[in-house]
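Work through the exercises below with the sequence and the model side by side. Each task is followed by a solution in steps.

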Amino acid sequence: MTRIAEEAILRGTVVCDVTDPEGRNAAAFAQALGTRLGLRVVLALVLDSVRSGAQKTATSTLTAIANELGDGVEIRLEVGDRVEALARIAGEEGADLVIVSARAVGLGGRNLRCGLVRDLEAETAVPVLVAPPSTRRRSEQRLAVGIATSG
Amino acid sequence: MRFSRLPLLWRIFAVNAALLVLAGLLLALARGRIHESFAFLEGVDIAIVLVVMLGANFLLLRHILGPIERLVERMRSVDLLRPDQRLAERGGAEVAQLVAVFNQMLERLETERRVSGQQALRAQESERARVSRSLHDEVGQVLTGVLLQLDSLAGSRDPGQRRAVEETKRAVRQALEEVRRIARELRPEMLEHLGLVSALTELSRRFTDQSGIPVERRFADRLPPLSDEAELAVYRVAQESLTNVARHADASRVELGLEPGANSVVLRVVDDGRGIAEARALNGNGGLRGMRERALLVSGALAVKPARNGGVEVRLEVPAAGD
């Protein structure tokens, strides 16, 4: 394999939805995946409407998460329908994968965001991945270790 | 609000609710009794049954008809420059079918638009090349001829006439330079002869000369090969982005980069100017739309977004040739 081909494989893009509080965990998962596979990570936060102060808070939340994850993480803040905005960002960024978080339910429990995932799956041609919630018991292997060390 | 203006879901629900309440009232007023001695409890029973029936009715209707509202919303907002916008096929069988047909219609429209857009862009580029050649070969030649004739008149003994000839020569040289500049912008010859990196280097140099804004070039040493159309798209997007920076950004510096992506090439134009909201407001949608159209026609991904330093970042990713 030529050097260019090797580089090319290692430069995909993953868009991660951090609109909910659980998004922080999905962001750590995206970052671990990105580090392992050499992907560019774009964190996306979608506001349903423009409210005074909300945009500023959202920007600082996004920046804080991006700073926690380290250099090279990009951020996108959009206003509008969440599914549409995530699909638009995925399209604009040329994403190979969209990551959304599962909802944490009690200790170790989780609830898949069926509506969001189903709509997103229809809205974009990009595959959608559901990251497990932070309350879920961690595996001792592979990406879970990466998330534990990055977190 | 008039009843007929209400969404279908609410209209059906209102009619059902009215009928159920009426039925409940009739039941309450009927002679038969469930609780022989407690009329109050009977009323509670009926009310509970009514609420449960109305709740079930609403949930069922929302499941069946809810997707129609989303479909209407999408029909209003659909943008063919953003491909692959599809809706999940859910709701009642007929509604799901309606959504499926809408998705198929979008597929067809996108394909047709892509084909017609490619044809239009090819025609536009070909026309630009023709005008550029005419300007360079015909107007340029005429102006050069005028310059030569003026040179022969410059030997006049009359100082006033000599001064006039010199001024005319200066004006002609200016016009000649302008004609060459327009011809270069219309048809990036450097792109055809020396490739994308050289063409972008030349473009950024000219940009700095004209605007006074320094450009930091970051071109990767080795890039995957691109088709001619993709190279032209990258060049035109870079050109439009730099034009926007010069016109609207009020920037003090610009970064222009080319790097390899995932079997693709990524162009980045980042300025440190006044930001995306102002740029959009000043630029309107024309320039941005043109860039999106070009990106779409070569299956590229274009993002125009806030840069980390507060300016604007334009990122275009186009697939490598044969990908």
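The exercises cover two sheets, a helix pair and a chain contact.

The model is predicted, so local features need pLDDT of at least 70 and side-chain atom pairs count only at pLDDT 80 or more, while totals for chains, interfaces and linings use all residues. Residues are numbered from 1 along each chain as its sequence is written, and chains are lettered from A and ligands numbered from 1 in the order in which they are written.

**Exercise 1. Find the strand order of the open sheet with parallel pairing in chain A, and the helices that pack on it.**

Step 1. The order of the 5 strands is β3-β2-β1-β4-β7. Strands are DSSP runs of E with at least two residues, helices runs of H or I with at least four, numbered from the N terminus; two strands pair if DSSP finds at least two bridges between them.

Step 2. β3 (74–79) and β7 (128–131) of chain A each have a single partner strand, so one side of each lacks a neighbour in the sheet.

Step 3. Parallel pairing joins β4(A), residues 97–101, to β7(A) over 4 bridges. V100(A) has V130(A) as its bridge partner in β7(A).

Step 4. Helix α2(A), residues 23–37, packs on the sheet and touches β1, β2, β4 and β7 of chain A. Helix α3(A), residues 54–69, touches β2 and β3 of chain A. Contact means C-beta atoms, placed from the backbone, within 7 Å.

**Exercise 2. Describe the open sheet of chain B.**

Step 1. Its 5 strands follow the order β1-β2-β3-β5-β4, with mixed pairing.

Step 2. The edge strands are β1 (215–219) and β4 of chain B.

Step 3. β1(B) and β2(B), residues 254–260, run parallel and are joined by 5 bridges. R217(B) has L256(B) as its bridge partner in β2(B).

**Exercise 3. How do helices α3(B) and α4(B) pack?**

Step 1. Helix α3(B), residues 93–153, and helix α4(B), residues 159–186, have axes 9 Å apart and an angle of about 165°. Axes are lines fitted to C-alpha atoms, for helices over the stretch in contact, and angles run from 0 to 180 degrees between N-to-C directions.

Step 2. That angle makes α3(B) roughly antiparallel to α4(B), a term for angles over 145 degrees.

**Exercise 4. How many residues of chain B are in contact with chain A?**

Step 1. 17 residues of chain B are in contact with 21 residues of chain A.

Step 2. Strand β4(B), residues 301–306, gives the most to that side of chain B, with 4 residues.

Key: Contact = placed C-beta atoms within 7 Å. Parallel < 35°, antiparallel > 145°, perpendicular 65-115°, else oblique.
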